[in-house]
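Work through the following exercises with the sequence and the model side by side, and try each task before reading its solution.

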Amino acid sequence: MSDSISDNILNILAKHSKLERDKVTLDTHLGNVGVDSLVLVEIIFDLEERFDISIPDPDFTGNQKGQFETAADVVKIVKELIEQQTKSS
Amino acid sequence: MKRVVVTGMGCISSLGRNCTDFANKLFEGKSGIGPITLFDTQGFKVKVAAEVKNYNEQDHFSEKELTKIDRYSQFAVLASRDAVIDAGLDFSEPLAERTAVVHGTGAGGQSTQETGYRRVYAENAKRLHPFTIPKLIPSASSSWISIDHGITGPAFATTSACSSAGHAIGMSLLMLRSGMVDVAITGGSDALITLGTIKAWESLRVMAKDTCRPFSLHRSGMVIGEGAGTLILETLEHAQARGAKIYAELAGIGMSSDAHDILQPLVDGAARAIRLALDDAGQSPESVEYINAHGTGTIQNDHTETQAIHAVFGEHAHKLAVSSTKSMHGHTLGAAAALEAIATISAINEQTVPPTMNYLEPDPQCDLDYVINKSRPMPLSVALSNSFAFGGLNTVLVFKRYNKD
């Protein structure tokens, strides 16, 4: 498990949220830092480009329910997808 | 104020080549949505669209014409030819100069653009076909229509994404009311089922996983459609003087902007457009019986639109029939307001409201009467057609049953 993956992910989240990078942690709730459904689409684009993965559509109910409530959720899913990617290649 | 009426209609879409087939399929709840055939969807998440079926451009245009006319313009020309024949109009002068052509489009000659870019960027082509530019510009459709019928009056295109045809119809209405012209050939066209466009839409993540389910719980987004619709609008006096058949009255238009966001819709902006339309038409909210909704099937629009209808209509909202025909012909973007105007006018003429198809179960946030899954015969005198575009550009058209006074 590489911390540099988490680091990269938190960099991307910080870029799109209202927070300074050192304030973004795994516990950060995306909905509380200005990440709405459209910002989420941009975050997903950056993550997919950065890690060459394909993230399934999150649940856009506008309540931030579903896969991406916290930064930790994002890290978990991205790492799973990277692992799937490595296994299949 | 001069009254304006609809004296001709023409259309081409996934539901057929003419307005009779289009309307019949709507009332029967038939869908034009199916697997994409216009390009290879290998690797795409989006696999469905509402394509025009069995379309062969050589059937309608000569080889020479085809070097100069993009698919979106072809649709505009065909819809307009049918509308002009339907209206029984002959455009010798002085009428030719007193006729406007205002057609809308979201993107113009998109397939020409994509072919051009692929050749230049991916294939290092040394040259492009000389007529690439005149094919791709968004004013081409209006030019072709004016050429086709010898129209020498004002001709131009309007663009406002999903409201493009609404603004085209609106501009025509204003020119007719002002006395500048007596007739307008107006509507919209788009042919955006192309590899690049669908890839771009897919990236926005608003596309349906299965089909278009406006207002339903478990709806998952839009389905793109292609096609064109044209209305012939005339001042009432001009129509009566020549004994024209009159389909309906275009009683009013509301045009508003959200002033909010390039993507997110705003309840106030949509409600404002509805209110302005009713004011312009001199109609009370309680007089409205049917709304042909924007109803794209996205989580956002359908909720926002429902709230806007509540805001304007209050108690009366629950008495309205509201349906989205995008559930059958898809979201035709620049053609949407025109095709949906034809649907609304057909509803008035048939005294039947077309259904919202593919509805699964109620979403608590969308609580109106959406005429689900089956059309409904009912008395209809006043109906609205909504279009709420990206960037907050809204148009609402008011159609009234025409009774010979």
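**Exercise 1. A small enclosed space**

Task: Find the volume of the second largest cavity and describe the residues around it.

Solution: The second largest cavity has a volume of about 30 Å³, in a model that is predicted. The structure holds two cavities of 30 Å³ or more. As a next step, list the lining, which consists of V46(B), V48(B), M207(B), A208(B), M222(B), V223(B) and I224(B). Sorting these residues by class gives seven nonpolar, no polar and no charged residues. A general remark helps with the method: rolling a probe the size of a water molecule over the atoms shows where empty space is left.

**Exercise 2. An open pocket**

Task: State how much space lies in the second largest pocket, and work out which helices supply its lining.

Solution: Begin with the volume, since about 650 Å³ of space lies in the second largest pocket. Its lining is made up of 27 residues, and those nearest the centre are D70(B), S111(B), T112(B), E114(B) and T115(B). Then turn to the helices of chain B, where α3 (71–87), α4 (110–122), α5 (132–136) and α8 (195–204) each contribute at least two lining residues. The largest share belongs to α4(B), with seven residues. Finally, sort the lining of this pocket by class, which yields nine nonpolar, ten polar and eight charged residues.

**Exercise 3. The outline of chain A**

Task: Describe the secondary structure of chain A, and then say what share of its residues is buried.

Solution: Chain A has three helices and zero strands, and along the sequence they follow the pattern α-α-α. Of the 89 residues in chain A, 44% are buried. For the surface, the accessible area of chain A comes to about 5,200 Å², and 49% of this belongs to carbon and sulfur atoms. To see how the chain meets itself, take the contacts in chain A between residues at least 6 apart in sequence; 59% of these join residues at least 24 apart.

**Exercise 4. Salt bridges in chain A**

Task: Which parts of chain A does the salt bridge between D7(A) and R21(A) tie together, and where does the pair K76(A) and E80(A) lie?

Solution: Over all chains, a search of the whole structure finds 22 salt bridges. One pair is D7(A) with R21(A), whose closest N and O atoms are 3.1 Å apart, which is within the 4 Å that a salt bridge requires. D7(A) lies in helix α1 (residues 3–16) of chain A and R21(A) in the loop between α1 and α2 (37–51), so the pair ties together parts that are 14 residues apart in sequence. D7(A) is partly exposed at a relative accessible area of 41%, and R21(A) is also partly exposed, at 28%.

For the second pair, the side chains of K76(A) and E80(A) meet in a salt bridge at 3.3 Å, N to O. Both residues lie in helix α3 (residues 71–88) of chain A, four residues apart, which is about one turn of the helix. K76(A) has a relative accessible area of 53% and counts as exposed, because the class begins over 50%, whereas E80(A), at 38%, is partly exposed.

**Exercise 5. Salt bridges in chain B**

Task: Decide whether K326(B) and E340(B) are buried or exposed, and locate both residues.

Solution: The side chains of K326(B) and E340(B) meet in a salt bridge at 2.9 Å, N to O. This pair links distant parts of the chain, with K326(B) in helix α12 (residues 326–329) and E340(B) in helix α13 (residues 336–350) of chain B, 14 residues apart. Both K326(B) and E340(B) are buried. Elsewhere, salt bridges that share partners join R219(B), D302(B) and D363(B) into one network.

**Exercise 6. Two buried residues**

Task: Locate A23(B) and S160(B), and say which residues S160(B) touches.

Solution: A23(B) sits in helix α1 (residues 19–28) of chain B, and it is buried, with a relative accessible area of 8%. From A23(B) to D369(B) there are 346 residues in sequence and 21 Å in space, C-alpha to C-alpha. S160(B) belongs to the loop between β5 (155–158) and α7 (164–178) of chain B. With a relative accessible area of 5%, S160(B) is buried, because the limit for this class is under 20%. Not counting residues up to four places away in sequence, S160(B) touches H167(B), A389(B) and L393(B).

How values were computed:
Residues are numbered from 1 along each chain as its sequence is written. Chains are lettered from A and ligands numbered from 1 in the order in which they are written. This is a predicted model: local features need pLDDT of at least 70, side-chain atom pairs count only at pLDDT 80 or more; totals for chains, interfaces and linings use all residues. Side-chain values use heavy atoms; hydrogens and water are left out. On a 1 Å grid over the protein atoms alone, a cavity is a set of points where a 1.4 Å probe fits but cannot get out, and a pocket is an open set with protein on both sides within 12 Å along at least five of seven lines; lining residues have an atom within 4 Å of a point. Grid points are joined across faces, edges and corners, and a volume is the space filled by probe spheres set on the points. Ala, Val, Leu, Ile, Met, Phe, Trp, Tyr, Cys and Pro count as nonpolar, Asp, Glu, Lys and Arg as charged, and the others, Gly among them, as polar. Buried means under 20% relative accessible area, exposed over 50%, partly exposed in between (1.4 Å probe, protein chains only). Contact means heavy atoms within 4.5 Å. Accessible areas come from the Shrake-Rupley method with a 1.4 Å probe; for residues, only the protein chains shown count as cover.
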